[in-house]
Amino acid sequence: MTFPGRAALAAFLLPAAFAAARAETPLPSAIAAPGEAVVLSVHAEGAQVYDCKAGPDGKLAWAFREPIATLMADGKTVGRHYAGPNWEHVDSSAVVGKTSGNAPGATASDIPWLKLEVISRRGSGVLTGVTTVQRINTQGGKLDGACDKPGSTRSAPYSADYVFLRKG
């Protein structure tokens with residue numbers, strides 16, 4: 001095979017090899033969902049919103065309030081993510097989750113990876129049979145710095161991948 005032919009083949013095969021290697025990287029056991037099948041995987045871009053509140057010790061600190069994010073697949077908006085936590089697909093199906101496991105993000109500025117149990121659903125569509133949601137590959141989202149004015153609000157940009165799973 002000529003060099004240009006080999007280069008073209010390598011350019012074609014390398015992305016697939018990297019994707020396969022990433023797909024084979026095991027998730028932390030705290031957020032794994034063995035035996036569950038992927039229904040949908042999306043990328044989210046948005047913000048984690050925080051309020052300045054007094055903690056149990058009376059000191060002011062940033063308290064998480066809600067996420068606000070756009071869900072995307074293949075470069076198109078397919079839904080939104082907001083307080084609850086809720087995930088709503090453009091087909092009007094939606095799920096609400098409750099955290100059942102977590103693992104640290106890759107850096108100190110990344111919000112944790114999560115496993116969420118679906119506790120309610122509405123509508124009919126792609127999310128109808130979802131039983132578990134995983135938040136993985138997080139970047140950003142943690143808010144640093146002091147809060148000195150009770151009631152003030154700030155947000156921290158973040159991105160993550162959400163994987164929607166069903167049992168069986």
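## A strand, a disulfide and some charged pairs

In β7, T132 is the bridge partner of E117. That's a handy way into this predicted model, so let's start with the strands around that spot.

**Strand β7 and its neighbours**

Strand β7 covers residues 132–140, and 7 of its 9 residues are buried. It pairs with two other strands. Strand β6 (residues 113–122) runs antiparallel to β7, with 4 bridges joining them. Strand β8 (residues 153–167) is also antiparallel to β7, and here 7 bridges make the join. One spot to look at is G140, whose bridge partner in β8 is Y158.

**The disulfide**

How many disulfides turn up in a search of the whole structure? There is 1. It is formed by C52 and C147, with their sulfur atoms 2.4 Å apart. The link is right-handed, with 75 degrees about the S-S bond. C52 sits in strand β1 (residues 36–54) while C147 is in the loop between β7 and β8, so the pair ties together parts that are 95 residues apart in sequence. Both ends are tucked away: C52 is buried at 2% relative accessibility, and C147 is buried at 9%.

**Charged pairs**

Now for the salt bridges, of which the count is 4. Here are three of them, with the distance between N and O atoms.

| Pair | N to O distance |
|---|---|
| R65 and E66 | 3.1 Å |
| R80 and E88 | 3.5 Å |
| R122 and E88 | 3.1 Å |

The pair of R122 and E88 links distant parts of the chain, with R122 in strand β6 and E88 in strand β4, 34 residues apart. E88 is partly exposed at 21% relative accessibility. Its partners get the same label: R80 is partly exposed at 43%, and R122 is partly exposed with a relative accessible area of 38%.

What about R65 and E66? Together with D51, they are linked in a network of salt bridges. R65 is partly exposed at 41% relative accessibility, whereas E66 counts as buried at 19%, because buried means under 20% relative accessible area.

**N86, a polar residue under cover**

Strand β4 (residues 86–89) also holds N86. Is N86 buried or exposed? It is buried, with a relative accessible area of 10%. Its side chain reaches the backbone oxygen of A83 at 2.5 Å. Leaving out residues up to four places away in sequence, N86 touches R80, H81, V95, V96 and R122. Two of those names are familiar from the table: R80 pairs with E88, and so does R122.

How values were computed. Residues numbered from 1 in each chain as written. Predicted model: local features only at pLDDT ≥ 70, side-chain atom pairs only at ≥ 80, totals over all residues. Heavy atoms only, no water. Buried < 20%, exposed > 50% of the residue type's maximum accessible area, 1.4 Å probe, protein only. Pairing = 2+ DSSP bridges. Disulfide = S-S within 2.5 Å. Polar contact = N/O pair within 3.5 Å; in protein donor to acceptor, adjacent residues only side chain to side chain. Contact = heavy atoms within 4.5 Å. Salt bridge = Lys/Arg side-chain N within 4 Å of Asp/Glu carboxyl O.
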